[in-house]
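Hi everyone, thanks for making room for me today. I'd like to walk you through one structure, so please have a look at it while I talk.

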Amino acid sequence: MCEHFLKRKSPNCWEKPVTDRPAKRMRDMFLQGVLEEMNAATDIFFVTADFGSPVLDNIREQHPDRFLNVGIAEQNLINISTGLALEGFRVFAYAIAPFITMRCLEQTRTNLCVLASVKPLSVCLVGVGAGMSYDVSGPTHQALEDISIMRSLPNMAVFSPADAECSHDLAKHVSRRKGASYVRLDGKALPPIYQANERLDWNRGFNVLRKGTSASLVSTGYMTHKAMETADILTKKNKRISVVDVYSLNHLNAVAFADCIKDAGPVITLEEGFTGRGGLDCLIMNAIKGRTITALGLLPEYRFDIGNRDDLLKLHGLDANTIAEKVLQTAVH
């Protein structure tokens, strides 16, 4: 089945489970997963570019011989991580999302992706601040291009979890996979979408959170929360909306994906990044060739508007109410 944890009310009605669980930060749950893996194995090394968190303090204190802070030097972060990987370590490299993807892109391309074609290595780049997480810091600290950039690199797996619970599970997955990975984590504490300790099929790459026939909202990361909000709004208008969370952005099982949305109405992609630049919209277009897709995201331009995340998304037409209006224009009646 496509649905993993949903509660079925009737043959044609699905809802997310009611929960009062608190919002959590992805980075804390991801790093907790890394710490658990480091406690169980001696070949995992953690490298940070002068970027921390309370859980990272625990990693440093419990495993000082497998922890290194290279300072604000992302290029050197990649160089050192590559060297450690060539010595047999499974390496986590940790920094702010736009810096670990763009400031050191040449090193990532050459040292990790090119080298991975001829040498076995395991390096996971962990970027915190996906999309507009760092809202008030402006475009220099917002990761709006990272999906497109990292998806373009051969030998690089890209993961985009939607909440802290699946981030914890993702840490286990990437610690055990070979090759290079990029994990983009939101910088804000977010309410849960998935159940605690839920295991996802990261090789499959997606999960159906709601199933309907009026339209399909296909989203990733923070925008999955907006997709769920939008579905709530449209349910009150008697529209049955599918919501599909895509968490693997270049290893999507296209056959399974196409099968899950074949009767789910028009497809609308939602991403907190530039559209038409090789991101989620491109991934879905390639997965379901021949179907018309409406791509909702950011125009490829840099803006300096001031406001919190919800304010900025509304300026871009990516608040739930505006998305709902756009979905109604394409939805099956």
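I'll go from the core to the strands, then to two helices, and finish with two loop residues. Please keep in mind that this is a predicted model.

Let's start with the core. The largest nonpolar core has 61 residues, and the ones that touch the most other members are Phe30, Phe46, Ile59, Phe92 and Val327. Which helix gives the most to this core? That is α1, residues 26-40, with six residues. And where does this core sit with respect to the domains? Domain 1 (24-190) and domain 2 (201-330) both contribute residues, so the core lies between them.

If you want one residue to click on, try phenylalanine 92. Leaving aside residues up to four places away in sequence, its contacts include Phe30, Val34 and Phe46, and also Cys124, Val126 and Ser175. There is also a second, separate core, this one of 46 residues, with Leu84, Ala97, Leu121 and Val123 among them.

Now to the strands, and to β14 in particular. Strand β14 spans residues 267-274, and eight of its eight residues are buried. On one hand, β14 pairs with β12 in the parallel sense over four bridges; here valine 267 in β14 is the bridge partner of serine 216. On the other hand, β14 pairs with β15, again in the parallel sense, over five bridges. For that pairing, look at threonine 269, which stands opposite alanine 295 in β15. How does the chain get from β14 to β15? The path runs through helix α10, residues 280-287, and this β-α-β crossover is right-handed.

Let's stay with α10 for a moment. Its buried residues are Leu280, Asp281, Leu283, Ile284 and Ala287. Around the helix axis these residues cover an arc of only 160°, which puts them on the same side of α10. What covers them? Part of the answer is β14 and β15, the two strands that α10 connects, and the cover also includes α6, β12, β13 and α9.

The other helix I want to show you is α12, residues 320-330. Here Ala320, Ile323, Ala324 and Val327 are buried. Looking down the axis, you find the buried residues of α12 within an arc of 100°, so they line one face of the helix. You have met Val327 already, as one of the residues that touch the most other members of the largest core. Turned away from the buried side, the opposite face of α12 carries Glu325 and Gln329, which are exposed. Covering the buried residues of α12 are, among others, β12, α8, β13, β14 and β15.

Last, two loop residues with a backbone surprise. Most residues other than glycine have a negative phi. Asparagine 155, however, has a positive phi of about 65°, and so does asparagine 238, also at about 65°. Where are they? Asparagine 155 lies in the loop between α6 and β8, while asparagine 238 is in the loop between α8 and β13. How accessible is each one? Asparagine 155 is partly exposed, with a relative accessible area of 38%, whereas asparagine 238 is exposed, at 70%.

That's my tour, and I'm happy to take your questions.

Conventions: Residues numbered from 1 in each chain as written. Predicted model: local features only at pLDDT ≥ 70, side-chain atom pairs only at ≥ 80, totals over all residues. Heavy atoms only, no water. Buried < 20%, exposed > 50% of the residue type's maximum accessible area, 1.4 Å probe, protein only. Arc of directions from axis to C-beta. Contact = heavy atoms within 4.5 Å. Core = buried A, V, L, I, M, F, W, Y, C linked by side-chain atoms within 4.5 Å. Domains from an automatic or database assignment. Pairing = 2+ DSSP bridges. Right-handed = clockwise from strand over helix to strand, strands pointing away.
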